[in-house]
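Subject: Structure handover, with notes on what was found

Dear colleague,

I am passing on the structure we spoke about, together with a written account for someone who has not looked at it before. Please open it first and keep it beside you while you read.

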Amino acid sequence: MPSKQAYFFGAGKAEGRGDQKELLGGKGAGLAEMTRIGLPVPAGFTITTEVCDLFYKRGKKWPPGLEAQVRKALHHLEDVTGRTLGDPQDPLLVSVRSGAARSMPGMMETILNLGLNDRSVEGLAQGTSNPRFAYDAYRRLITMYGATAKGVPREKFDHEFQKIKDTRTRARLRIPEGTKVQDTQVDEAELRELVHRLKKIYIEATRQPFPQDPWQQLVGAINAVFGSWMAEKAVTYRRVEKISGLRGTAVNVVQMVFGNLGEDSGTGVCFTRDPNTGENQFYGDFLPNAQGEDVVAGVRTPLKLSELERRMPAVYYQLVKDRRALERHYRDMQDIEFTVERGRLYVLQCRSGKRSPQAAFRIAHDFVKERLITKDEALARVTPEDIERLFYPVIDPAFPRDELKGRFLARGIDAVPGAASGEIVFTAKDAEEFAASGRKVILVRRETSPEDVGGMHAAQGILTATGGKTSHAAVVARGWAKTCIVGCEALDIDARSKEMRVNGRVLREGEVVTLDGTTGSVYAGGLPTVKPPLPAAFTEVMKWADAIRRLRVRTNADTPYDARKAVEMGAEGIGLCRTEHMFFDTEERRLAIQEMILADKVDARRAALGKLLPFQREDFAGIFLAMGGRPVTIRLIDPPLHEFVPHEREKQEDLARRLGIDADQVAHRVEQLHEANPMLGHRGCRLCITYPEILDMQIRAIIEAAIQVKRKGIDVRPEIMHPLVMDRKELEILARRTREVADPILKASRLRIPYTVGTMIEVPRAAFLADQIAEVAEFFSFGTNDLTQMSMGLSRDDAGRFLPEYVDPAKAAIFASDPFESLDVDGVGGLMKWAIAKGRSVRPRMKIGICGEHGGDPRTVKFCHRAGLDYVSCSPYRVPVARLAAAHAVLEDRAAKRKRRA
Ligand code: PEP
Ligand code: MG
């Protein structure tokens, strides 16, 4: 039996400490610590989590010794406060609250105003000269105690309260029907009547009167808090939040203090620094003559802290002193709840304050400069989510939440964060046309294909009915940081009649919607968006991250513009340049690639490829220039050819006219290209195995561009990558041909440009046989989009239909997250580890990276660090996210090492 079961705090002394969270719960440890550092905390005591554990082990009975310790602590509390529980003159009232080692907001019970009974309520009424207040406190106690300690349905109490309001208060104040009667409008007489009725309900339900003995109330309340630990909602919450290994909840019995005892009382919330900007400025609100919940409810407008300084200077200066003490002690910005009871300040709670992403960077940075924390600690305090939210616009937080709810249309998968409004259009062509005339549009498609890229680029945001986080729309939009929602199943799109149905509403072309890509929500109408400015501290904190990380961070970029953007974001190279994206940039390019595909003879194909060569060369040169000597991995053509040709008769006829061929010939070729499973079909390096002339053109373009740039005195480091390789021999053929094209061109140039030839590992067979493949490949890059698709047998374009249910904790909960967003570390990650080990068994220093969408996911980045990858590659806007995650991985390593040593 633990000898100490209750820990006292008050009058400047505490038996517990802040580091005893496991034993005293978060709240109990916090109260003890605040008392220790001299803050004016209300006095009380904490019953330990061990007791809760024993309570259950003993069939819901108190362990021996507990009663004596609680009685002793209570007497101590009465001594310190100079009041007695249940005293008919000037009673002590206490709150009884739960508090586990991990926060479980709203999951467990609290009972306030304990100690009131028919006599002490009169004492409170007299002592405070406020009978209304006393009876209001009493009716709250009966309700809370009845519902939580005795299981009386809360609605019964609420219903009675409502009845009083609707009959007595409404009539007295002549409040018209249809207008809500506020709790605060109920007067003393009505509250007295209410208390009488609530006690009757209590007796009817429990067959006992409401306990008048405060000790009995206290025992009942402590048992109720223990009981709430195993209540269904708390058990479910722990399961969903994966909270395990806790002994139970602690119980905090704390002296009640009241801010609503007149103009010399009040309550407030403040932050030790501005939580919006991070500025080192005391920030907060104060509401005179009010209780905490009045501040939260926002019924009255609170006053600024400067007003508190004017009205109650002593309280204000004490708070300012506490502010400094708190920051020094907790070494973080704190959020403080306080109450002033008749001119006396009480700090009720303090915790690390929630802050905007801007403030997170500024505070972390400033705390290092003020020597309160180390750089490592500062880094640990900024999160990848903070970074994401720094770069994307958001729906103006000032926009009324109720109105926002009313505008809600549907929810899809949150593919790219940010917020965007515009008129809806249903084809890429319309998007381009609307945008050309200066209109802002949202492109709505069932799914997108490379043909839509022009329209996607012109749109403010993209919304699709199908697809997941690595579908075409998501991948392309992410590259541009363009707000995108995919897999919005509620959309029923009719592109022909240019309208869509969504949850019973019909929206036509030109109607405005707003996308919130951060949550995946679609709203009717235009909503105001704001783009927060980048804080100056961001750059410096990111430098600290770069100084400690081991993993390199590259970017997926297909254009010189993206490449420049990515370098600004800190990219150290390109890990994936998807060359096919370049084919769609202009009409001319589109026509040339279509001509190549439609050609049925090698010569005709070569001629069409010849038209593409200068474009590709120019693009590659632009990218090499933008990357200024950093490595650039260029991947040869990848998607199935059918994606490049039109499928509608009208468009086929148009294409035939432009190329001077027969429309039936076009239709025939499109028919030939049709595959039942194109993602498992004639794509990737299989295209260059069967049409090596495509490889010839692309390699020529790469090498000639490299020569051009090198001649300008800029270093070039091309890495040529073959996609979808599944066999050593396949890569051998491709690597040989690559060199056969590249080497003579280089030789003729008389320049030395070292280049490497490697492969993506994105087919499970290639991962299994990575040792054989490594005999040919000079580098590996994991294409985890395809590797996930093929390892898990999940279509990356269609799985969005059912995957949400797989990851929803309230539904199937099979995976913790979407495996196309965050790597399936056990399955696909295991395969990667195998391939890394096999590959390096042949080529010990082989460079290995990842270029699937997972490369920008913080959890995956940490996995890549641990798995020994050299780099991750992700879209430009995710580069800082990956840089920070890579630094966090190092910090986690260090913490693990420290733990092992300890
Ligand atoms: C991949 O499969 O992970 C990859 C990067 O290639 P893509 O997304 O272009 O198929
Ligand atoms: Mg791929």
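To begin at one end of the chain, in which loop is A11 found? A11 is found in the loop between strand 1 (6-10) and strand 2 (13-14). Before going further, please keep in mind that this is a predicted model.

A11 deserves a look for its backbone, since its phi is near 50 degrees, a positive value in a residue other than glycine. As general background, most residues other than glycine have a negative phi. With a relative accessibility of 63%, A11 counts as exposed. R342 also has a positive phi without being a glycine, here near 45 degrees, and R342 lies in the loop between strand 12 and strand 13 (344-352). At 39% relative accessibility, R342 counts as partly exposed.

The overall picture

The protein chain has 902 residues, of which 56% count as buried, and it contains 35 helices and 34 strands. Its C-alpha trace spans about 105 × 65 × 55 Å along the principal axes. Among contacts between residues at least 6 apart in sequence, 68% join residues that are at least 24 apart. One pair of residues that may be worth finding on the screen is L769 and D727, which are 42 residues apart along the chain, while their C-alpha atoms are separated by 7.6 Å. L769 is found in the loop between helix 29 and helix 30 (770-774), and with a relative accessible area of 22% L769 is partly exposed.

A pair of helices

Helix 2 (residues 49-57) and helix 8 (residues 214-229) have axes that come within 10 Å and cross at roughly 80 degrees. The two helices are therefore roughly perpendicular to each other. On the side of helix 2, the residues that meet helix 8 are V51, C52, F55 and Y56, and their counterparts in helix 8 are N223, F226, G227 and W229. The residues of this contact divide into six nonpolar, two polar and no charged.

Salt bridges

The count of salt bridges comes to 77, and three of the pairs are described here in turn.

The side chains of E377 and R331 meet in a salt bridge, with an N to O distance of 2.8 Å. This pair links distant parts of the chain, since E377 is in helix 14 (residues 375-381) and R331 is in the loop between helix 12 (313-330) and strand 12 (334-341), 46 residues apart. E377 counts as partly exposed at 26% relative accessibility, and R331 counts as partly exposed at 29%.

The side chains of E403 and R407 meet in a salt bridge at 3.4 Å, N to O. Because E403 and R407 are four residues apart in helix 16 (residues 401-407), they are separated by about one helical turn. E403 is partly exposed, with a relative accessible area of 38%, and R407 is partly exposed, with 21%.

In the pair formed by R439 and E423, the side chains meet in a salt bridge at 2.9 Å, N to O. R439 sits in the loop between helix 17 (428-436) and strand 18 (441-445), whereas E423 is in strand 17 (residues 419-425), so that the pair links distant parts of the chain, 16 residues apart. R439 counts as partly exposed at 38% relative accessibility, whereas E423 is buried, with a relative accessible area of 16%.

Some salt bridges also share partners, and in this way E580, R635, D638, R683, D786 and R796 are joined into one network.

The magnesium ion

D786, a member of that network, appears again at the metal. Which residues coordinate the magnesium ion (ligand 2)? The magnesium ion is coordinated by E762 (OE) and D786 (OD), at 2.0 to 2.2 Å. The two residues come from distant parts of the chain: E762 is in the loop between strand 31 (756-761) and helix 29 (764-768), while D786 is in helix 31 (residues 784-792), 24 residues apart. E762 is buried, and D786 is buried as well.

With best regards

Terms used. Residues are numbered from 1 along each chain as its sequence is written. Chains are lettered from A and ligands numbered from 1 in the order in which they are written. This is a predicted model: local features need pLDDT of at least 70, side-chain atom pairs count only at pLDDT 80 or more; totals for chains, interfaces and linings use all residues. Side-chain values use heavy atoms; hydrogens and water are left out. Axes are lines fitted to C-alpha atoms, for helices over the stretch in contact, and angles run from 0 to 180 degrees between N-to-C directions. Angles under 35 degrees count as roughly parallel, over 145 as roughly antiparallel, 65 to 115 as roughly perpendicular and the rest as oblique. Contact means heavy atoms within 4.5 Å. Ala, Val, Leu, Ile, Met, Phe, Trp, Tyr, Cys and Pro count as nonpolar, Asp, Glu, Lys and Arg as charged, and the others, Gly among them, as polar. A salt bridge is a side-chain nitrogen of Lys or Arg within 4 Å of a carboxyl oxygen of Asp or Glu. Buried means under 20% relative accessible area, exposed over 50%, partly exposed in between (1.4 Å probe, protein chains only). Donors are N, O and S atoms within 2.8 Å of the metal (3.2 Å for Na, K and Ca); water is not among the atoms, so sites may look incomplete.
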